[in-house]
Amino acid sequence: MAEQQEQAAPDAMMTRIGQVVMLHHGGDREEARGRFLDLWAEIGEDGDPLHRCTLAHYMADTQDDPSDELAWDLRALSAAEELSDGRVAEHHQSLAVRAFYPSLHLNLAADYVKLGRSEAARSHLRRARGAVGALGDDSYGDGVRAAIGRLELRLDGDGTSGEGSGPGHLGGPGGETLGPPRQRP
């Protein structure tokens, strides 16, 4: 019984990352970036891949420079490649690593669009599209699939220009964000 309770105990680092995500979603981008950096220092480059993947995935959203955003999204992908389904299931039994890839590749595609690197964007967009079968038939999966479609249209239509978009915003034809929805950890 004690062993079952111990396995069900929340992951303290994931809780802390989630708190910073809420801070960021509340509008305090600078504070969130600083706190993410502090957590990253605690986790370390060789720390738990689930922690690194999750933190880097959200840290990318706090960046002002598209090159920095790309670097964090690449860290998230690299950490995901080290993850096992067993480790992910420890955090949430319904999750599988393969379900991370559509969003991770979509984020990288969006980063490359912002940097004017359309071939790299297309490559990651193909990977995102190829991985969508791992997504659930729910609002998150629908959101990722829709974002892939918007970015495909953008790349097929008017190329990589983000004219009329603010920094860090990749606008769709109707002004919507082309990046995927981010799930809370």
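**Salt bridges in an all-helix prediction**

Hi everyone, let me start with one pair: Glu119 and Arg122 form a salt bridge, with their closest N and O atoms 3.7 Å apart. Both sit in helix H8, which covers residues 118-131, and because they are three residues apart, about one helical turn separates them. Glu119 is exposed, at 56% relative accessible area, whereas Arg122 is partly exposed, at 24%.

Before I go on, please keep in mind that this is a predicted model. The mean pLDDT of the protein chain is 82, and 79% of its residues reach 70 or more. Where is confidence lowest, and where is it highest? The low end is helix H1, residues 2-8, with a mean of 42, and the high end is H3, with a mean of 97. Across residues 1-8 the pLDDT is below 50, and that stretch has zero contacts in the model beyond near neighbours in sequence. Residues 159-181 also have a pLDDT below 50, but there the model has 44 contacts beyond near neighbours in sequence. As a general caution, predicted coordinates should not be read in detail where pLDDT is low.

Now the overall picture. The protein chain has nine helices and zero strands, so reading along the sequence you simply get α-α-α-α-α-α-α-α-α. Of its 185 residues, 43% are buried. If you take contacts between residues at least 6 apart in sequence, 60% of them join residues at least 24 apart. For those of you who like surfaces, the chain exposes about 9,400 Å², and carbon and sulfur atoms supply 48% of that.

Back to charges. In general, side chains of opposite charge can pair when their charged atoms come close. How many salt bridges does a search of the whole structure find? The count is 13.

Here is the one I would like to spend some time on: Asp48 and Arg87, whose side chains meet in a salt bridge at 2.6 Å, N to O. Asp48 lies in the loop between helix H3 (29-43) and helix H4 (49-59), while Arg87 is in helix H6 (residues 85-91), so the pair ties together parts that are 39 residues apart in sequence. Is Arg87 buried or exposed? Arg87 is buried, because its relative accessible area of 16% falls under the 20% cut-off. Its partner Asp48, at 22%, counts as partly exposed.

Arg87 has further company. Its side chain makes a polar contact with the side chain of Asp11, at 2.8 Å. Leaving out residues up to four places away in sequence, Arg87 touches Asp11, Asp48, Leu50 and His51. If you have the viewer open, centre on Arg87 in helix H6 and look for those four neighbours, Asp11, Asp48, Leu50 and His51.

Two more items for the charge list. The side chains of Asp137 and Arg145 meet in a salt bridge at 4.0 Å, N to O. In that pair, Asp137 is exposed, with a relative accessible area of 75%, and Arg145 is partly exposed, at 24%. Then there is a network: salt bridges link Arg29, Glu30, Arg33 and Asp64.

To recap, we have a pair within helix H8, Glu119 with Arg122, a pair tying a loop to helix H6, Asp48 with Arg87, and a network of Arg29, Glu30, Arg33 and Asp64. Thanks for listening, and I'm happy to take questions.

Terms used. Residues numbered from 1 in each chain as written. Predicted model: local features only at pLDDT ≥ 70, side-chain atom pairs only at ≥ 80, totals over all residues. Heavy atoms only, no water. Helix = DSSP H or I, 4+ residues; strand = E, 2+ residues; numbered from the N terminus. Buried < 20%, exposed > 50% of the residue type's maximum accessible area, 1.4 Å probe, protein only. Contact = heavy atoms within 4.5 Å. Areas by Shrake-Rupley, 256 points an atom, 1.4 Å probe, with all protein chains shown as cover. Polar contact = N/O pair within 3.5 Å; in protein donor to acceptor, adjacent residues only side chain to side chain. pLDDT = per-residue confidence, 0-100.
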